[in-house]
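Reader: Before we discuss the terms used for this model, could you show it to me?

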Amino acid sequence: KMAMKATADSIHYPHAGLSNTHQSAPIKFRHMLTIANKVIIRKNRRLGILLQEGMNEFEMVSILDTYARSFPKSFQCITASDSIIHTKYGITLVHTGGNAVKKIDELHILMPSNNASVNSLYGKVPTIRYANSNLYPIETCLARIDQQYGHKFKTVVKLMLDYN
């Protein structure tokens, strides 16, 4: 129980305990129209996430899962150098995609990183940093999606995540 509590605290899990009940909300036709509007009319971003030694895998998958449901043009995992990454809780990630970064619109970084080294590797790509967020990682992502695409689209992403 102590390990579970420590893990939940490290990702700012928003509930006092784990919930065993859940009521899914259906995606309706109006939600599909919101998705179509975003995909057809709005700019679909090319996203990147920097894989870093010791990164929190719960935070990483929150970003990957949430932003995948925002229908980006692409989502690229990159490293500062071709390497094997060991996450905070012991998952080994073997980065096989190379680091030839095509144009990305924003780079998501979970842990503090040297701005100069990031800029020298990836140019002056806008970075989204999560290190100082005291929010549950999904909430941080949803707040940014709300800012970029509006409240209606954020609501649709929450429904697709089954996060209610």
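Author: This is a predicted model, and a place to start is the lining of the largest pocket, which by class has six nonpolar, six polar and three charged residues. That lining comprises 15 residues, among which Tyr 13, His 15, His 22, Tyr 163 and Asn 164 lie nearest the centre of the pocket, and the volume is about 300 Å³.

Reader: What is the secondary structure of the protein chain, and how do its elements run from the N terminus on?

Author: The chain comes to six helices and six strands, and from the N terminus on the order is α-α-β-α-β-β-β-β-α-β-α-α.

Reader: What makes β1 and β2 a pair of strands?

Author: Two strands pair if DSSP finds at least two bridges between them, and six bridges join β1, residues 46–51, to β2, residues 74–79, so the condition is met. The two strands run parallel; Arg 46 has Ser 74 as its bridge partner in β2, and Leu 47 stands opposite Phe 75 of β2. Together with helix α3, residues 57–68, these strands make a right-handed β-α-β unit.

Reader: How many bridges join β1 to β5?

Author: Three bridges join β1 to β5, and these strands too run parallel; since at least two bridges are required, β1 and β5 also count as a pair. Within β5, His 108 is the bridge partner of Ile 49.

Reader: Why is β1 described as largely enclosed by the rest of the structure?

Author: The description follows from the count of buried residues, because five of the six residues of β1 are buried. For the protein chain, 35% of the 164 residues count as buried.

Reader: How do you know whether His 95 is buried or exposed?

Author: The relative accessibility of His 95 is 12%, and buried means under 20%, so His 95 counts as buried. His 95 lies in the loop between β4 (92–94) and β5 (106–109), and its side chain reaches the backbone oxygen of Cys 77 at 3.0 Å.

Reader: Why is Ser 10 called partly exposed?

Author: Ser 10 has a relative accessible area of 21%, and the term covers values between the 20% limit for buried and the 50% limit for exposed, so Ser 10 is partly exposed. Ser 10 is found in helix α1, residues 2–10, and its C-alpha atom is separated by 8.8 Å from that of Asn 56, although the two residues are 46 apart along the chain.

Reader: What makes a space in the model a cavity rather than a pocket, and how many cavities are there of 30 Å³ or more?

Author: In a cavity a 1.4 Å probe fits but cannot get out, whereas a pocket is open. By this rule there are two cavities of 30 Å³ or more.

Reader: Which residues line the largest cavity, and how do they divide by class?

Author: The lining consists of His 12, Glu 59, Ile 63, Leu 110, Tyr 130, Ser 133, Leu 135, Pro 137 and Thr 140, which divide into five nonpolar, three polar and one charged. Helices α3 and α5 (137–149) each supply at least two of these residues, and the space in this cavity is about 60 Å³.

Reader: What lines the second largest cavity?

Author: Its lining is made up of Arg 45, Leu 47, Tyr 67, Ser 70, Pro 72, Glu 106, Gln 148 and Tyr 149, by class four nonpolar, two polar and two charged residues, around about 30 Å³ of space.

Conventions: Residues numbered from 1 in each chain as written. Predicted model: local features only at pLDDT ≥ 70, side-chain atom pairs only at ≥ 80, totals over all residues. Heavy atoms only, no water. 1 Å grid on protein atoms, 1.4 Å probe; cavity = no way out; pocket = protein on both sides within 12 Å on 5 of 7 lines; lining within 4 Å. Points joined across faces, edges and corners; volume = space filled by probe spheres on them. Nonpolar A, V, L, I, M, F, W, Y, C, P; charged D, E, K, R; others polar. Helix = DSSP H or I, 4+ residues; strand = E, 2+ residues; numbered from the N terminus. Right-handed = clockwise from strand over helix to strand, strands pointing away. Buried < 20%, exposed > 50% of the residue type's maximum accessible area, 1.4 Å probe, protein only. Polar contact = N/O pair within 3.5 Å; in protein donor to acceptor, adjacent residues only side chain to side chain.
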